[in-house]
Amino acid sequence: MKFFIDTANLDQIREAQALGILDGVTTNPSLMAKEGITGEANILKHYVDICNIVEGDVSAEVISTDFDGMVKEGEALAALHPQIVVKIPMIADGVKACKYFSDKGIKTNVTLIFSAGQALLAAKAGATYMSPFIGRLDDISTDGLGLIADIRMIYDNYGFDTQILAASVRHTMHIMDCAKIGADVMTGPLSAIKGLLKHPLTDIGLAKFLADYKKGN
Ligand code: E4P
């Protein structure tokens with residue numbers, strides 16, 4: 001299972017990278033705005049800064065909603081750095097743009113997936129990744145993890161190569177549930193990743209080992 005961090009915060013990206021378990025980064029316009037990164041030049045520079053911290057794929061989202069605009073923007077993003085993955089919204093022109101990029105060997109991440117039908121279309125268009133937003137489905141009393149399970153079954157039925165990137169992960173249990181279902185990738189906040197570290201018996205056991213060592217020395 002690949003671990004991506006879902007942020008544009010460079011300190012958090014550095015911290016996850018330093019743990020040695022980071023496989024990539026996802027960003028979106030809201031995450032960029034949250035860090036105060038605005039204006040095209042600053043946003044493009046920020047993508048390069050992120051690529052220089054991590055070794056894996058970095059999703060950079062297009063703002064255009066028409067095919068020609070997405071192609072122009074996506075090509076410029078892909079030219080920024082070899083680690084850039086062009087992130088495209090799940091709309092008709094996005095599906096066309098995804099096919100265009102996959103035919104050209106440019107990596108894609110189809111985003112804002114909320115149904116298995118949309119996931120099927122993304123795979124048919126040759127997406128490298130597609131991102132079902134499980135937290136946002138949970139927010140409206142709909143089963144986000146159930147969607148991941150449905151997509152896993154459909155992709156396995158037909159041997160699609162598109163990777164299921166479980167997105168809008170909100171907490172540590174989401175990561176574990178996605179791992180059990182077989183999501184290829186999860187993207188979530190640093191807090192959810194660090195939650196995997198925690199167990200009180202680990203802390204108690206370590207404290208005892210250290211105390212016993214001190215007794216004998
Ligand atoms: C995915 O790539 C998105 O950036 C993200 O996971 C959305 O998460 P949110 O629902 O917490 O905003």
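These are my notebook entries on aromatic pairs, nonpolar cores, three chosen residues and the cysteines of this structure, which is a predicted model.

**Aromatic pairs**

I began with the rings, and my search of the whole structure returned 6 aromatic pairs. I looked at Tyr100 and Phe101, whose ring centres lie 5.5 Å apart with planes at 75 degrees, so I entered the pair as edge-to-face. I then looked up the accessibility of both partners: Tyr100 is partly exposed at 26% relative accessibility, whereas Phe101 is buried, with a relative accessible area of 0%. I also noted that Tyr100 and Phe101 belong with Phe67 to one aromatic cluster.

I went on to Tyr155 and Phe160, where the ring centres are 5.6 Å apart and the planes stand at 70 degrees; with angles over 60 degrees counted as edge-to-face, this pair is therefore edge-to-face. Tyr155 is buried at 1% relative accessibility, while for Phe160 I found a relative accessible area of 23%, which places Phe160 among the partly exposed residues.

**Nonpolar cores**

I turned next to the buried nonpolar side chains, and the largest core that I found has 54 residues, with Ile13, Val25, Val110 and Met130 making the most contacts inside it. Helix α8, spanning residues 144-158, gives the most to this core, with 5 residues. I followed up Ile13 and, setting aside residues up to four places away in sequence, I listed its contacts as Ile5, Thr7, Ala8, Leu22, Val25, Ile50, Ile53 and Val54. I also recorded a second, separate core of 5 residues, which includes Phe4, Val85, Tyr129 and Val185.

**Strand β7: Gln163 and Ala166**

I then examined two residues of strand β7, which runs over residues 163-166 and holds Ala166 as well as Gln163. For Gln163 I found a polar contact of 3.1 Å between its side chain and the side chain of Lys2. Leaving out neighbours within four places in sequence, I noted that Gln163 is in contact with Lys2, Thr128, Tyr129, Met130, Asp184 and Val185.

Ala166 is buried, at 0% relative accessibility. I checked its C-alpha atom against that of Ile148, 18 residues away along the chain, and found a separation of 7.3 Å. Beyond residues up to four places away in sequence, Ala166 touches Pro132, Ile148, Cys178, Ala183, Val185, Met186 and Thr187.

**His174**

Is His174 buried or exposed? I found a relative accessible area of 3%, so I entered His174 as buried. This residue lies in helix α9, which covers residues 172-181, and its side chain reaches the backbone nitrogen of Arg170 at 3.1 Å. With neighbours within four places in sequence left aside, I listed Ile134, Gly135, Asp138, Leu145, Ser168 and Val169 as the contacts of His174.

**Cysteines**

How many disulfides are there? My count came to 0 disulfides. I looked into Cys98 in particular: the closest cysteine sulfur belongs to Cys51 and lies 19 Å from the sulfur of Cys98, which is too far for a bond. As to accessibility, Cys98 is buried at 0% relative accessibility, and I also entered Cys178 as buried, with a relative accessible area of 0%.

Methods:
Residues numbered from 1 in each chain as written. Predicted model: local features only at pLDDT ≥ 70, side-chain atom pairs only at ≥ 80, totals over all residues. Heavy atoms only, no water. Phe/Tyr/Trp six-rings, centres within 6.5 Å; stacked < 30°, edge-to-face > 60°. Buried < 20%, exposed > 50% of the residue type's maximum accessible area, 1.4 Å probe, protein only. Helix = DSSP H or I, 4+ residues; strand = E, 2+ residues; numbered from the N terminus. Polar contact = N/O pair within 3.5 Å; in protein donor to acceptor, adjacent residues only side chain to side chain. Contact = heavy atoms within 4.5 Å. Core = buried A, V, L, I, M, F, W, Y, C linked by side-chain atoms within 4.5 Å. Disulfide = S-S within 2.5 Å.
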